[in-house]
Amino acid sequence: MLGEGILKGLAETAKNFAGSFVSKERLTTVEYPEERLPLPEASRNFPFLVYDGPDWEKGMRCVACQICEKECPPKCIYIEKSKDKKPDFVGKMQIYPAKFDIDISVCMSCQICVEVCPFEAIKMDVEYELATDDRFGGLLLDRKQLAKPNEYYHKIHPTEATHVDAKLTEEKTKAEAKAKADAAAKAKAAADAVAKAAAATTARTTESPKATADPSTVSAAADSAQDDKPLVTTKAAEPSLVPAKAEPKKDGGN
């Protein structure tokens, strides 16, 4: 029938209009800012940086890999790497952002920075009341303004945050297991090297017993050999026992 859709729409509007007087669920007007509607979990606005623990600077997950800076379509992220390193969530020494700025006056809330981050360090916030009278400085957020605890992340995106924590815990467990296995392998290799050296020393000792014989035994054997050795003297040292031959008399002698 011609105009059937229009009639259905008008009927729905009339039902909501009449029901708003008797049912609070049918109220469509919210007196903001005194009243606020709860935001859905999937809502997003501008990025923020996640940190673990009580210290935002030490617990920041970001390692200044600059992937988000390179992938950002409007180029609103600016990162400077640190000169030193600090341990990350798995205990591996990593660099960290000495400077991390986001210009939210340029940000288009595309969430690409969140999707490309391999460290689960940047997430989308639901904060939208960011009006300021400073057009430039007030909309350029530094790393301290962007840093928010993991508890806040669980509050605004509980399902996603739980999944991320489970993933990070699994990665940390694997890293710790690998570190223990590497340490055990190194210890075993060192023990094998010591055992091999000891076996080689024992083999050399067995092949040359004189080198490890008791000094008293060696001395006794030397004395015994000296006693059994025949006495040898030189002719010059002993008087001759053969009588000397008489010289022949010369002719003409008496």
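Which residues do ring pairs link into a cluster? Ring pairs join Phe48, Tyr152 and Tyr153 in this way. Rings of Phe, Tyr and Trp (its six-membered ring) pair if their centres lie within 6.5 Å; planes under 30 degrees apart count as stacked, over 60 as edge-to-face and the rest as tilted.

This is a predicted model, in which local features need pLDDT of at least 70, side-chain atom pairs count only at pLDDT 80 or more, and totals for chains, interfaces and linings use all residues. Residues are numbered from 1 along each chain as its sequence is written, and side-chain values use heavy atoms, with hydrogens and water left out.

## The chain as a whole

The protein chain contains seven helices and eight strands. Helices (H or I, at least four residues) and strands (E, at least two) are DSSP runs, numbered from the N terminus. The protein chain has 254 residues, and 23% of them count as buried. Buried means under 20% relative accessible area, exposed over 50%, and partly exposed in between (1.4 Å probe, protein chains only). Of the contacts in the protein chain with a separation of 6 or more, 68% are between residues 24 or more positions apart; a contact means heavy atoms within 4.5 Å.

## Aromatic pairs

The ring rule gives three aromatic pairs. The centres of the Phe17 and Phe21 rings are 5.3 Å apart and their planes stand at 85°, so this pair is edge-to-face. Phe17 and Phe21 are both exposed. Phe48 and Tyr153 also form an edge-to-face pair, with 6.4 Å from centre to centre and 65° between the planes. That pair links distant parts of the chain, since Phe48 is in strand β1 and Tyr153 is in helix α5 (residues 150-156), 105 residues apart. Phe48 and Tyr153 are both buried.

## Two residues in strands

Tyr153 and Phe48 also appear among the contacts of Lys123. Lys123 is part of strand β6 (residues 122-124) and counts as buried, at 4% relative accessibility. With neighbours within four places in sequence set aside, Lys123 touches Phe46, Pro47, Phe48, Val50, Val114, Tyr153, Glu160 and Val164. Gln111 is 12 residues from Lys123 along the chain, and their C-alpha atoms are separated by 7.9 Å.

Gln94 belongs to strand β4 (residues 93-94). Is Gln94 buried or exposed? Gln94 is buried, because its relative accessible area is 16%. Apart from neighbours within four places in sequence, Gln94 is in contact with Val63, Lys85, Lys86, Asp88 and Phe119.

## Backbone features in loops

The peptide bond from Tyr32 to Pro33 is cis, with omega near 10°. Pro33 sits in the loop between α1 (4-19) and β1.

Ala64 and Lys75 each appear below with a positive phi. Neither Ala64 nor Lys75 is a glycine.

| Residue | Phi | Loop | Relative accessible area |
|---|---|---|---|
| Ala64 | about 55° | between β1 and α2 (67-71) | 1%, buried |
| Lys75 | near 55° | between α2 and β2 (77-81) | 54%, exposed |

## Cysteines

How many disulfides does the count come to? The count is zero, where a disulfide is a pair of cysteine sulfur atoms within 2.5 Å. For Cys72, the closest cysteine sulfur is that of Cys76, at 3.6 Å, which is too far for a bond. Cys107 also has its closest cysteine sulfur in Cys76, at 4.5 Å, again too far for a bond. Cys72 counts as buried at 7% relative accessibility, and Cys107 is buried with a relative accessible area of 16%.

## The largest pocket

On a 1 Å grid over the protein atoms alone, a pocket is an open set of points where a 1.4 Å probe fits, with protein on both sides within 12 Å along at least five of seven lines; lining residues have an atom within 4 Å of a point. Grid points are joined across faces, edges and corners, and a volume is the space filled by probe spheres set on the points.

The largest pocket holds about 170 Å³ of space. Its lining consists of 13 residues, and Asp125, Leu130, Leu141, Gln145 and Lys148 lie nearest the centre. At least two lining residues come from each of β1 (47-51) and α4 (143-146). By type, the lining of the largest pocket has seven nonpolar, three polar and three charged residues. Here Ala, Val, Leu, Ile, Met, Phe, Trp, Tyr, Cys and Pro count as nonpolar, Asp, Glu, Lys and Arg as charged, and the others, Gly among them, as polar.
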